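Student: I would like a careful look at a single part of this model, namely how the strands are laid side by side. Please start with the terms and then work outwards from there.

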Amino acid sequence: MQFEGIYTPAITPLNSKGQIDKAAYVEVLEYLIAGGVHGIIVAGSTGEYYAHTSQERLDLAKYAKDVIGTRVPLIIGTGAVRTEDSIEYAKAAKAIKADAILVGSPPYTLPTEQENAAHALAIDQAAGLPIILYNYPARMGVSMGREFLHTVTQTSKNFVAIKESSGQTSQLHLLVREFPKIGIFCGWDDQALEFFAWGARSWICAGSNFLPREHIALYKAAVMEKDFDKARRIMSAMLPLMDFLETSGKFVQSIKYGSVLSGLRPGGVRAPLQPLNETQQRVLQTIIVDLKRETAPIIGESP
């Protein structure tokens, strides 16, 4: 299976009581599909999977599949500390006929490369689905390096892609040179152009929850049109947003507030996270307004 385009790690709306709001969740999924994203990820970090019970995760995955059907690919995250839990999420993804699963390193445990490979292979054996690896050492504590990648790819053909979120261009170069059969998702937003220049054809980007048009425009300019002058102009307009998301210390909260500004009903976040304060909301709103104004003439649409 090949992945191309913009894949959105969907937010999970909550109601006033902090419970998952299924009606608002449908609105989110339909908004993304109408916005033209190429795939949707459920139980990613932006979806706050770490704050959900096991049953909530299973229910959300099934509900998302019921809503999406076959209109766009559905990828289910399997992130968990225990391998046994990740296996159960992978089995559930197979049961609902998800298109692929997202497999990261188990956080906090700090496995060796071989231990991490055994973790990934156990999940693969349970599901038998295409796998997108998720390399995010800043959150997980370890990186999926050369030894890990050789082990999993030589053992199973299901490891078809990777979301590379190390922030290290040397890791991108390693993937391109030594593992050309692994499709690359940009997973570090302000390096999107570098990823596309090195042949990546897909991008998992949380900001597409509320700005799908602009993220798709950047992808089209760089990957489909090979117009890097145009892509740089779009990227330049998007950099203030990317900087805010990374430096505010409130990533998911910012994505949810951006979704509010797009007319969605994302609700709040679960503890220990806290929402943006009024000053942060004003700053983010200004950044988004400026971004839309700057990108509109470039992509030929009104802001």
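Tutor: Two strands are said to pair if DSSP finds at least two bridges between them, and strands (E, at least two residues) and helices (H or I, at least four) are themselves DSSP runs, numbered from the N terminus. This is a predicted model, in which local features need pLDDT of at least 70 and side-chain atom pairs count only at pLDDT 80 or more, whereas totals for chains, interfaces and linings use all residues. Residues are numbered from 1 along each chain as its sequence is written, and side-chain values use heavy atoms, with hydrogens and water left out.

The part to look at is a closed barrel of eight strands, which runs S1-S2-S3-S4-S5-S6-S7-S8 with parallel pairing. Neighbouring strands of this sheet are turned by 25° against each other on average, direction ignored; here axes are lines fitted to C-alpha atoms, for helices over the stretch in contact, and angles run from 0 to 180 degrees between N-to-C directions. As background, strands of a sheet pair through backbone hydrogen bonds, either parallel or antiparallel.

Consider S2 (residues 39–42) with its two partners. Strand S1 (residues 5–9) runs parallel to S2 and is joined to it by three bridges, with Thr-8 standing opposite Ile-40. Strand S3 (residues 74–77) also pairs with S2 in the parallel sense, again over three bridges, and there the bridge partner of Ile-40 is Leu-74. The chain crosses from S2 to S3 through helix H2 (residues 54–68), and this β-α-β crossover is right-handed, a term meaning that, with the strands pointing away from the viewer, the path from the first strand over the helix to the second runs clockwise. S1, helix H1 (residues 22–35) and S2 likewise make a right-handed β-α-β unit.

Where do the residues of S2 point? Gly-39 and Ile-41 point one way and Ile-40 and Val-42 the other way, and all of them are buried, where buried means under 20% relative accessible area, exposed over 50% and partly exposed in between, with a 1.4 Å probe and protein chains only. In a regular strand the side chains alternate between the two faces of the sheet.

S5 (residues 131–135) can be read in a similar way. Five of its five residues are buried, so S5 is largely enclosed by the rest of the structure. Ile-131, Leu-133 and Asn-135 point one way from S5, while Ile-132 and Tyr-134 point the other way. S5 pairs in the parallel sense with strand S4 (residues 100–104) over four bridges, and Gly-104 stands opposite Tyr-134. From S4 the chain crosses through helix H4 (residues 113–127) to S5, in a right-handed β-α-β crossover. Five bridges join S5 to strand S6 (residues 159–164), and these two strands run parallel; Tyr-134 stands opposite Lys-163 in S6.

Further along the sequence, strand S7 (residues 183–186) and strand S8 (residues 202–204) pair in the parallel sense over two bridges, and the bridge partner of Phe-185 in S8 is Ser-202. Helix H9 (residues 212–224) lies across S1 and S8, running at about 150° to S1.

After H9 comes a loop that leads to helix H10, and Lys-226 is found in it. Lys-226 has a positive phi of about 55° although it is not a glycine, and with a relative accessible area of 55% it is exposed. Lys-97, in the loop between helix H3 (83–95) and S4, also has a positive phi, of about 65°, without being a glycine, and it counts as exposed at 63% relative accessibility. For context, most residues other than glycine have a negative phi, and most peptide bonds are trans.

The last piece of this picture is the pairing of two helices, H10 (residues 228–247) and H12 (residues 278–299). They pack at an angle of about 175°, with their axes 9 Å apart, and H10 and H12 are therefore roughly antiparallel to each other, given that angles over 145 degrees count as roughly antiparallel, under 35 as roughly parallel, 65 to 115 as roughly perpendicular and the rest as oblique. Pro-272, in the loop between helix H11 (251–261) and H12, is preceded by a cis peptide bond from Ala-271, with omega near 15°.

Key. Contact means heavy atoms within 4.5 Å.
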